[in-house]
Amino acid sequence: MKAVFLDADTLGHDVDLSPIEAVTGEMVKHPRTSPEEVLERIRGFDTVLVNKVVLKRRHFESCPELKTIAVVATGLNNIDQEAARAHGIRVMNVTNYGRSTVAQHTMALMLALATRLLDYDRDVRAGRWGQSPMFCLMDHPIMELEGRTLGIVGYGDLGQGVVERAKAFGMNILLGARPGQAAGEVDAYSRIPMDELLPRVDVLSLHCLLTDETRNMIGARELKMMKREALLINTSRGGLVDEQALADALRAGTIGGAGFDVLTEEPPRNGNPLLADDIPNLIVTPHSAWASREARQRIVEITAHNLSLG
């Protein structure tokens, strides 16, 4: 096996790549690869490892020796899968590696929004606590999660991890049937159509892949259906939500808050509606929910196992 890793830096410098190197026997590592460099760097290799580098039909047409693409992540949006199939190229990805870290990050966003953690921290740093006529500040309403309803859209490994932790906070669970998915009972939880789910939830957390069916599945119409105090959490894919509609809804108080770890363009070199500094009760983190060292090492080990299967 002759392998090349086009964007090894995306896994960080604190992980051990030796499990993959032991399987491939020979692996060339590039820290990063620009679109212009892809074709030159994959020529002559039968196995290509990528995280976010885009591979298209023209790459496959120019590299008949390419047999395997190993995506060291879950999302496959950067691979032209139809073209890969047409050229007999096996595409593999990694699942079930980030349950703990993504669920933890999801709960952190939820808790920070519910307790207005960042607002109170800013107030203290601005000296408002020191100016208070009483012992505390109560300027921002706090939501208790116990007894509240959490809606989960995408009840796979990550969604299930969030449910486990939310139940420890005493939350009630409902599942949402994403576009094209049937309603019904799953693990004793009700999975109901989105139009029924949205008005009922206090927190909505998204954990599904970005497809043509799920793109912008939460837009202005859906946001208006939610409770005014409801929270929206997205640690999945940026394109699931119409970001301009969400920015407008937060400014207008249509919903209570939002926590996002993902945006439609990453990194957001061209700006983004959610990066404006006048949006209340919004937390945006830089696609870091997946990135615990433990999770990144699991990616390496799972990728090595997948490659060893031949």
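**A parallel sheet and a pair of crossing helices**

In this predicted model, strand S3 (residues 47-50) runs alongside strand S4 (residues 68-71), and the two pair in the parallel sense over four bridges. Within this pairing, Thr47 stands opposite Thr68 in S4. Strands of a sheet pair through backbone hydrogen bonds, in either a parallel or an antiparallel arrangement.

The S3 and S4 pair belongs to a wider arrangement: five strands form an open sheet in the order S2-S1-S3-S4-S5, with parallel pairing. S2 and strand S5 (90-92) stand at the edges with a single partner strand each, so one side of each has no neighbour in the sheet. From one strand to the next, the twist averages 20°.

At the S2 edge, strand S1 (residues 2-5) pairs with strand S2 (residues 26-29), again in the parallel sense and over four bridges. Here Lys2 has Glu26 of S2 as its bridge partner. Helix H1 (residues 18-24) joins S1 and S2 in a right-handed β-α-β unit.

Turning to the helices, the axes of helix H5 (residues 99-115) and helix H7 (residues 157-168) come within 8 Å and cross at roughly 55°. H5 and H7 are therefore oblique to each other, and their crossing is right-handed. Residues that make the contact include Arg99, Val102 and Met107 of H5, together with Leu158, Val162 and Arg165 of H7.

Finally, the UniProt record, an unreviewed entry, places the feature "domain: D-isomer specific 2-hydroxyacid dehydrogenase NAD-binding" at residues 107-289. Over residues 107-289 the chain is 27% helix and 19% strand, and the end C-alpha atoms are 11 Å apart.

Definitions and conventions:
Residues are numbered from 1 along each chain as its sequence is written. This is a predicted model: local features need pLDDT of at least 70, side-chain atom pairs count only at pLDDT 80 or more; totals for chains, interfaces and linings use all residues. Side-chain values use heavy atoms; hydrogens and water are left out. UniProt positions are given in the numbering used here, feature names are shortened, and annotations may be inferred rather than shown by experiment. Two strands pair if DSSP finds at least two bridges between them. A crossover is right-handed if, with the strands pointing away from the viewer, the path from the first strand over the helix to the second runs clockwise. Axes are lines fitted to C-alpha atoms, for helices over the stretch in contact, and angles run from 0 to 180 degrees between N-to-C directions. Angles under 35 degrees count as roughly parallel, over 145 as roughly antiparallel, 65 to 115 as roughly perpendicular and the rest as oblique. A crossing is left-handed if the near helix is turned anticlockwise from the far one by less than a right angle, and right-handed if clockwise. Contact means heavy atoms within 4.5 Å.
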